[in-house]
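User: Could you walk me through reading a buried charge and a nonpolar core? I'd like the general idea, then the case at hand.

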Amino acid sequence: MNEPSLTRPALAALVPAGLIAAAWASRRFTRVAVEGDSMRPAFAPGDRLLVLRTERVRPGEVVVVRDPRHEASLWVKRVRDVTDDGIDVRGDDPARSTDSRHVGPIPRRLVVGRVVRRYAEG
């Protein structure tokens, strides 16, 4: 019995499609590593998270946002509320978290995305 095989033209057509899909996925998702204890017990330092890039978030979701005081730094926090003024985020361990209680609502433009999965534990 002959196994089906891809011809060179068919294989060549698949390669660009795969590259397009990979490029699309790389722009749609990003990865972050958790630093600090503010999200314990849900996430621990060193956990690796897959993040869907979006500004659309809802209360209860875990998100990645840019620190409004220093936008190069990222925070992993839980959305407490979404208002016209921005997004109220909090750490799961309030004693170890710098969050909206300290800096106010996070502007939507500083939302990186929503955590969709932990893919590695720290």
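User: Where is the place of lysine 77?

Analyst: Lysine 77 sits in strand E4, residues 70-83; strands are DSSP E runs of at least two residues, numbered from the N terminus. One caveat: this is a predicted model, where local features need pLDDT of at least 70, side-chain atom pairs count only at pLDDT 80 or more, and totals for chains, interfaces and linings use all residues. Residues are numbered from 1 along each chain as its sequence is written, and side-chain values use heavy atoms, with hydrogens and water left out.

User: Which side chain of opposite charge is nearest to lysine 77?

Analyst: Lys counts as positive, Asp and Glu as negative. A salt bridge puts a side-chain nitrogen of Lys or Arg within 4 Å of a carboxyl oxygen of Asp or Glu. Here, aspartate 99 is nearest at 5.3 Å, and lysine 77 has no salt bridge although it is buried (under 20% relative accessible area, 1.4 Å probe, protein chains only).

User: What does the side chain of lysine 77 make a polar contact with?

Analyst: The side chain of serine 97, at 3.0 Å; the cut-off is N or O atoms within 3.5 Å, one able to donate a hydrogen and the other to accept it.

User: And which residues make up the largest nonpolar core?

Analyst: In soluble globular proteins, nonpolar side chains tend to be buried together. A core joins such buried residues through side-chain atoms within 4.5 Å. The largest has eleven residues, among them Val32, Met39, Phe43 and Val64. Strands E2 (48-53), E3 (62-67) and E6 (111-120) each give it two or more. A second, separate core of ten residues includes Val57, Ile87, Val89 and Leu110.

Terms used
Buried < 20%, exposed > 50% of the residue type's maximum accessible area, 1.4 Å probe, protein only. Helix = DSSP H or I, 4+ residues; strand = E, 2+ residues; numbered from the N terminus.
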